[in-house]
Amino acid sequence: MSMKQSAGQITPSERPAGGWTESVVSIAVAVHCMIVFICASSNYRPSALQQQILTLLRPYVQPLGIDWNYTPFYLTHGPQSDRWCVAEYKSTEDEQWRPLHAAWSWNSESLLRWQRWMRFWAYYADAEEDQLCAEIVKALAQYVKWHGGHVPARVRLRRIPIPDWETAMQGDTTAWQSTPTDSGVHTIYEAVIFQDDYGQLFVARVSNLTRAAPPMRRSPP
Amino acid sequence: MTVRAELRTYYGQLGQRGDQAWRHFWLAPRSDSAMSPVRFVVGCFSGCYFLMFLGDLLTWFGPQGLWPRQLAAQVATNFGTVSSFRFSLLQLSDHPLFLWVIAGLGIVNSALLIWGVSRRSTHVAAIVNALLILSFVHRAALLTGAFEAVLSVLCLYLCICPGAGRGAASTNSRAGALATPERVTIRATVAMRLIQIHLSAAYFVGGCSMLAADVWWDGTAVWWLVTLPATRLLELRPLFLFSAGLFLVNALTHAVVVFHFAFPVFVWCQPLRRLMVHLATVVWPIIALLSGQWAYGLFMVFVSRAAWLDAHTPASHNNERLFR
């Protein structure tokens, strides 16, 4: 390919400044590529060795953002992990549940962010990390108060089952519904929110009633 | 010839050829105008990224946002048990004015990066762009996906050599002289190769992580993509709900996986490079339609073309400069 040149811009041919420059560049590039390879191979289910190496490399890879820990390059993992989650709240015990939704909810990047946030919440709710879930709920309560004027009384996170292809072919009408119904919906997390006189929020997770002790039966007299 | 002498000869020649190949791959100077197409694409999509965040900037990062700074710091450090080196300008304040200024700065800077007023200002714009993109990514890593992961890395490599002064004008300047004279430098080669390698890694990682789930093996992944309400751009389920629809689902699923492994291998072969890039132009929009990740899909289309097809070949050795 011929170089495009303008008058007076051509520099005379000359040897590189020194071999040491090329050596330094080569070593830096080689080390960086090795680190990139380690980070890329650790994207999904890293081994103990990979985790240990990444821990040592953390001061380098984290600021540059090249550690792709659990970044979802896979698009979907099907019903195992990708399910439709809905976050709902109600201001008082007597009210209907209201869903939270994204500002630009027409399948935009905004809606993807909402789904990632809810899946993050669902993951830790399944793992019973109640401390983290409580912090998420407190932030959610502050957000609802900012929009609605008062702290919600209850919040919940629900998971909506997605029918597979065979079920959809059989004409299951729930496959066409984009809004959740109670049929087949699983509540992952539900919590009650209290606010004291100083405005501090307290979150109490509601236990699953099916996991409570069965009622005691009285024996007939 | 003895065995020792044969081995010495073999490894000696191997070392020499490896050295020559390494020098040709990494250290052969090229015109920095080769980086202009990548800079143009990265600038456009960086601007899109900031624009897409405008609608819910306060929703996530505001004082009553869903992801406050304290919670972000707690999660990043696992409640103080590990060290975090993710720096973010957005951690400095959650005041709405501050957030709007940062987002606005990102949009304006993206425009400067696209336009490329001068070489020095373009370099500054590239560094600022990388800083802002990484700030958004690190502020809420849980909200990021593949698009942000690839975009942030390319923004970083662009700081090495963002390209010649005039943005898009220098990419197709076949007819006349460039507005800004070209510079032949090794930095352009290093930056371009790092971008190509990291993009190849993104393809590979995508393919490997897909195969970690059964749905990509049994060919039903595309159905789950089109069924999830969050990921639908269009209602595509009727296309697959007929007697042979499952075969179509299977074919698309397998095609996506094969493409993710084939592209990073065959794009390095000169005769097949153009074919692979044209294939990417077809496949990625389909992936974007199916998955709803239109930003990621379109970004990969344009950046794959810019990184492999529009990049110039290495310049001759008549005009050599190192690190200018």
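## Worked exercises: a sheet in chain A, rings in chain B

Strand β4 (residues 186–195) and strand β5 (residues 201–205) of chain A run antiparallel, joined by five bridges. Keep in mind while working that this is a predicted model.

**Exercise 1. Work out which residue of β5(A) is the bridge partner of A:Phe194, and which residue of the hairpin takes a positive phi.**

Step 1: start from A:Phe194 and go across to β5(A); the bridge partner there is A:Phe202.
Step 2: now walk through the turn. The hairpin of β4(A) and β5(A) has five residues between the strands, and A:Gly199 has a positive phi near 85°.

**Exercise 2. Put the strands of the open sheet in chain A in order, and explain which ones stand at the edges.**

Step 1: the five strands follow the order β2-β1-β3-β4-β5, with antiparallel pairing.
Step 2: look for strands with a single partner. Those are β2 (98–99) and β5 of chain A, so each has one side left without a neighbour in the sheet.
Step 3: check the β2 end. Strand β1 (residues 84–90) of chain A is joined to β2(A) by two bridges, again antiparallel. Within this pairing, A:Tyr89 has A:Arg98 as its bridge partner.

**Exercise 3. Decide where in chain A the prediction deserves caution, using pLDDT.**

Step 1: take the chain as a whole. Mean pLDDT is 78 for chain A, with 76% of its residues at 70 or more.
Step 2: go to the elements. Helix α2 (residues 48–64) of chain A has the highest mean, 93, and helix α5 (residues 165–169) of chain A the lowest, 78.
Step 3: find the weak stretches. Residues 1–17 of chain A stay under 50, and the model gives them 27 contacts beyond four places in sequence. Residues 209–213 of chain A are also below 50, with one contact beyond near neighbours in sequence.

**Exercise 4. Test whether the length of helix α12 (residues 245–266) of chain B agrees with its residue count.**

Step 1: at 1.5 Å a residue, the 22 residues should span 32 Å.
Step 2: the C-alpha atoms at the ends of α12(B) are 31 Å apart, which agrees.
Step 3: see which residues are hidden. The buried residues of α12(B) include B:Val249, B:Val256, B:Phe259 and B:Phe263.

**Exercise 5. Classify two aromatic pairs in chain B and say which helices they link.**

Step 1: get the overall count, which is 37 aromatic pairs over all chains.
Step 2: take B:Tyr49 and B:Phe136. Their ring centres are 6.1 Å apart and their planes at 80°; with over 60 degrees as the cut-off, the pair is therefore edge-to-face.
Step 3: place them. B:Tyr49 is in helix α2 (residues 36–54) and B:Phe136 in helix α6 (residues 119–139) of chain B, so the pair ties together parts 87 residues apart in sequence. Both B:Tyr49 and B:Phe136 are buried.
Step 4: now take B:Tyr203 and B:Phe263. At 4.3 Å centre to centre and 20° between the planes, this pair is stacked. B:Tyr203 lies in helix α8 (residues 186–210) of chain B and B:Phe263 in helix α12 of chain B, 60 residues apart.
Step 5: check burial. Relative accessible area is 1% for B:Tyr203, which is buried, and B:Phe263 counts as buried at 0%.
Step 6: widen the view. B:Tyr203 and B:Phe263 belong to a cluster linked by ring pairs, with B:Phe25, B:Trp268 and B:Trp308 also among its members.

**Exercise 6. Find which rings have the charged end of an Arg over them.**

Step 1: between chains, A:Arg113 places its charged end over the ring of B:Phe53, 4.0 Å from the centre.
Step 2: within chain B, the charged end of B:Arg193 sits over the ring of B:Phe25, 4.2 Å from the centre.

Methods: Residues are numbered from 1 along each chain as its sequence is written. Chains are lettered from A and ligands numbered from 1 in the order in which they are written. This is a predicted model: local features need pLDDT of at least 70, side-chain atom pairs count only at pLDDT 80 or more; totals for chains, interfaces and linings use all residues. Side-chain values use heavy atoms; hydrogens and water are left out. Helices (H or I, at least four residues) and strands (E, at least two) are DSSP runs, numbered from the N terminus. The expected span of a helix is 1.5 Å times one less than its number of residues. Buried means under 20% relative accessible area, exposed over 50%, partly exposed in between (1.4 Å probe, protein chains only). Rings of Phe, Tyr and Trp (its six-membered ring) pair if their centres lie within 6.5 Å; planes under 30 degrees apart count as stacked, over 60 as edge-to-face and the rest as tilted. A charge sits over a ring if NZ of Lys or CZ of Arg is within 6 Å of the ring centre and within 35 degrees of the ring normal. Two strands pair if DSSP finds at least two bridges between them. pLDDT is the predictor's confidence in each residue, from 0 to 100. Contact means heavy atoms within 4.5 Å.
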